[in-house]
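The exercises below invite you to read a structure step by step, each with a task and a worked solution. Keep the sequence and the structure in view as you go.

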Amino acid sequence: MSAIPLSHILILACTLFTIGFIGVIVRKNTLFILMSLEVMLNAVGVAFIGAGSVWQQADGQVMFILILTLAAAEVALGLALLIQMQRRFNSLDIDLLSKLKG
Amino acid sequence: MTQTLLAFLPFYPLISFLLLIGFGQRLSWHLASTLSVGAMALSAISSFIVINQLSTQVPVINVHLWEWFVLNLNANLSDVTPAKINFSFHLDGLSAVMISVVSGIGFLIHMFAAAYMKGDENFSRFMAYMNLFIVAMLILVLADNLVLLYLGWEGVGLCSFLLIGFWYKEKANVLAARKAFIVTRVGDTAMAIGLFMLFKELGHLNINDLTATAKTFWVAGDEAPYWIALLLLGGAVGKSAQLPLQTWLPDAMAGPTPVSALIHAATMVTAGVYLIARMNGIFLLAPEVMSYVAWLGAATLLLAGIAALAQNDIKRVLAYSTMSQIGYMMLSLGAGAFSAGVFHLMTHAFFKALLFLTAGAIILALHHQQNLFKMGGLLKRLPFEATLFSIGLVCLMALPGSSGFFSKEAIIAELWSSTTAGPLLWYCAIFGALLTSIYSCRLFFLAFMGRRRFEHELQPSTSQLLRISLLVLALLSVIGGVFANTLTLSLSALFPVLPSDPINEPQWLHSVAIVTPFIGIIFSWLYFADYRAVEPANANTFQDKPSVFVTFCRQGLGFDALYDLLLVKPYSMLARLNRRDIFDQLIMLNAWYVSICHDVLKSSQTGKLRWYAAAIGLMTVLLLLSLTIESFSRGAS
């Protein structure tokens with residue numbers, strides 16, 4: 001198995017991250033925003049794993065497990081908030097939650 | 001023992017004031033009046049005990065309470081000893097006269113006031129202010145330095161304001177209180193500047209040593225004492241309602257009658273006289289100012305006499321007569337006859353308090369009717385009050401035998417040969433005496449003789465407190481002359497005897513002075529015949545349609561209108577012009593700047609989460625870009 005060069009891994013991670021980020025910005029539905037966030041987290045994970053394998057270090061995998069845990073916790077919280085949002089506003093439009101407008 | 005009594009003198013009324021202000025609303029009339037009148041009684045008794053300790057062997061009693069603060073003339077100079085301003089009392093002949101008048105008459109007036117104001121919903125507040133006034137006045141006359149004197153001076157000003165506006169629900173009273181406060185403030189400012197100058201020149205303000213220090217620094221006719229004396233005179237003029245700051249006194253009659261008696265007749269307005277008598281060392285170094293004092297006094301007594309002739313409110317007649325009697329005191333001070341002036345101060349306090357309080361009793365009986373044209377025929381209906389009032393008027397006119405006679409004749413006798421007064425002022429004083437007897441007779445005829453002109457039934461007060469205080473005051477007014485010798489003796493040490501030349505005096509001076517009031521009485525008996533007749537010959541006598549001249553006199557010879565035109569109107573016009581204050585606008589620039597920044601920042605707070613995320617992303621990208629460019633450029637170099 002030939003080694004994949006680090007630049008390819010980073011390009012993939014950056015692309016994934018940008019896609020996720022654009023998703024966060026352009027989607028109005030909070031559920032999709034959460035999903036896009038997951039994509040962004042996984043992009044970071046890819047970068048960690050790739051870097052770990054290139055330098056033959058376990059730290060990258062440790063970080064990925066941490067990120068995975070974080071993602072799980074985040075999704076749990078996010079979905080709970082989502083349910084509350086649906087109950088209170090009868091909608092998942094993130095733009096409706098703008099009470100902090102100056 | 002004596003010192004303790006002296007130290008406690010102003011504190012009895014002060015304690016009573018604090019209690020009344022603190023718990024006044026919960027106290028019954030009995031408790032409140034016992035407290036305030038009792039405190040005054042203590043003050044009066046202890047002041048008489050203290051005064052009796054004064055003798056030729058013990059000319060002064062000093063008591064040091066505590067050090068108030070230290071004044072440094074110039075902090076850089078180490079050789080100048082800083083002046084200590086002490087809270088100390090200094091009792092000598094002059095302040096003895098003053099404290100006996102303040103606490104003695106004050107006690108009687110408090111007694112009267114307790115009866116007069118019974119039933120007022122703010123009775124305890126009234127008595128509290130009266131007590132505070134006595135505190136301030138006692139501090140004023142007992143102060144051993146001019147700073148403490150100034151404390152008392154401002155204190156009486158404050159109490160005067162509070163008491164004139166006591167019935168604050170009527171706008172006229174409040175305006176009168178404000179006017180009194182502002183007009184006297186003009187004088188007080190002059191006085192404060194005078195004190196600053198005095199301190200700058202002499203380095204201390206102790207009343208005791210001031211004359212001695214002044215004599216070592218200056219000789220008569222120097223410029224510094226001239227200006228200082230002039231500024232102090234400004235203060236005295238404001239407080240004592242002399243020209244040109246006299247306009248507040250007639251309006252001050254808006255206050256309850258005991259206030260008029262206490263403040264605007266017996267005690268506070270004499271503070272100016274006291275100040276000049278106290279500062280005689282400075283004034284004697286400025287002979288020009290002494291003659292200004294005399295001329296101001298003469299002008300005021302004539303002006304007030306003429307204005308009093310035209311008044312139709314009984315209290316305003318008395319107010320103008322107060323002004324003219326203080327004019328006499330000023331005249332005598334200006335002529336260098338200090339003890340005569342102080343003696344007149346004392347007798348005037350007796351009979352003017354009597355006049356005001358009796359007027360108060362009459363007004364009470366007439367259901368608060370103060371208009372002389374609505375009185376008439378009270379001699380038979382209120383014999384007690386009428387008798388006492390005529391005693392007061394006799395003293396005011398200075399008929400032989402009354403207390404006013406002794407003091408006023410003492411003043412007039414000194415004028416002709418005085419170096420700072422002279423024959424012209426003697427004529428003024430005689431003419432003033434003539435005016436005094438004419439307006440007194442007019443008042444007497446209008447109020448007590450003639451036809452009954454009031455509508456409601458009389459309701460004379462039966463309070464014993466009221467009657468006792470009036471009787472004691474009447475007694476004092478009658479026998480006040482007997483104090484002449486004691487007073488002159490105790491004051492002789494304080495005041496230098498000025499050189500005078502009695503040989504130049506014509507023989508007829510004294511007889512003319514004695515006869516003048518009788519001429520006035522005869523004149524008014526004939527001229528005001530309609531006022532005293534039961535069936536006036538001229539039916540329109542009591543219609544009170546004043547001619548232009550009478551209206552002019554009634555309004556105090558147009559001084560109010562003049563000041564309104566010269567000062568009040570331009571000032572309020574300027575204020576209106578500058579309503580949007582220029583300096584305000586400059587300061588508002590700050591506010592505008594802040595508010596613009598606020599608007600800009602506010603627009604960034606959309607509350608939309610996605611915009612925040614986009615902003616974070618954008619900023620991160622920019623940050624990364626800048627870092628990358630930096631590292632590239634570093635690598636290139």
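**Exercise 1.** Work out which residues of helix 4 and helix 22 of chain B meet, and describe how the two helices pack in this predicted model.

*Solution.* Begin with the residues: B:Gly93, B:Leu94, B:Ala96 and B:Val97 on the side of helix 4 of chain B meet B:Leu487, B:Ser490 and B:Leu491 on the side of helix 22 of chain B. Next, sort this contact by class, which gives five nonpolar residues, two polar residues and no charged residues. Then turn to the geometry, where helix 4 (residues 93–116) and helix 22 (residues 484–492) of chain B have axes 8 Å apart and pack at an angle of about 140°. Helix 4 of chain B is therefore oblique to helix 22 of chain B.

**Exercise 2.** Describe how helix 16 and helix 19 of chain B are placed relative to each other, and list the residues through which they meet.

*Solution.* First take the axes: those of helix 16 (residues 338–365) and helix 19 (residues 403–415) of chain B come within 9 Å and cross at roughly 155°. Angles over 145 degrees count as roughly antiparallel, so helix 16 of chain B is roughly antiparallel to helix 19 of chain B. The crossing of helix 16 of chain B past helix 19 of chain B is left-handed. Now look at the residues: helix 16 of chain B brings B:Ala340, B:Gly341, B:Phe343, B:His344, B:Thr347, B:Phe350 and B:Phe351, which meet B:Ser403, B:Gly404, B:Phe406, B:Ser407, B:Lys408, B:Ala410, B:Ile411 and B:Glu414 in helix 19 of chain B. Sorted by class, the residues of this contact between helix 16 and helix 19 of chain B are seven nonpolar, six polar and two charged.

**Exercise 3.** Decide whether B:His367 is buried or exposed, and then do likewise for B:Ala398.

*Solution.* Start by locating B:His367, which sits in the loop between helix 16 and helix 17 (378–381) of chain B. Although B:His367 is not a glycine, it has a positive phi of about 60°. B:His367 counts as exposed because it has 12 C-beta neighbours inside 10 Å. B:Ala398, for its part, belongs to the loop between helix 18 (383–397) and helix 19 of chain B, and although it is not a glycine, it has a positive phi of about 60°. B:Ala398 has 29 C-beta neighbours inside 10 Å, and so it counts as buried.

**Exercise 4.** Find where the cis peptide bond that leads to B:Pro244 lies in chain B.

*Solution.* The bond in question runs from B:Leu243 to B:Pro244, and its omega is near -5°. To place it, note that B:Pro244 is in the loop between helix 9 (223–239) and helix 10 (248–251) of chain B.

**Exercise 5.** Give an overall account of chain B, from its helices and strands to its domains and its contact with chain A.

*Solution.* Chain B has 28 helices and two strands, and of its 637 residues, 49% are buried. Its C-alpha atoms fill a box of roughly 120 × 65 × 50 Å along the principal axes. The domain assignment divides out domain 1 (299–310 + 333–545) and domain 2 (582–636) of chain B, whose C-alpha centres lie 84 Å apart. Finally, the contact between the chains takes 10 residues from chain B and 11 residues from chain A. On the chain B side, the largest share, five residues, comes from helix 28 (residues 609–636) of chain B, and by class that side has three nonpolar, four polar and three charged residues.

How values were computed
Residues numbered from 1 in each chain as written. Chains lettered and ligands numbered in written order. Predicted model: local features only at pLDDT ≥ 70, side-chain atom pairs only at ≥ 80, totals over all residues. Contact = placed C-beta atoms within 7 Å. Helix = DSSP H or I, 4+ residues; strand = E, 2+ residues; numbered from the N terminus. Nonpolar A, V, L, I, M, F, W, Y, C, P; charged D, E, K, R; others polar. Domains from an automatic or database assignment. Axes fitted to C-alpha atoms, helices over the stretch in contact; angles between N-to-C directions. Parallel < 35°, antiparallel > 145°, perpendicular 65-115°, else oblique. Left-handed = near helix turned anticlockwise from the far one by under 90°. Buried ≥ 20, exposed ≤ 12 C-beta atoms within 10 Å, placed from the backbone.
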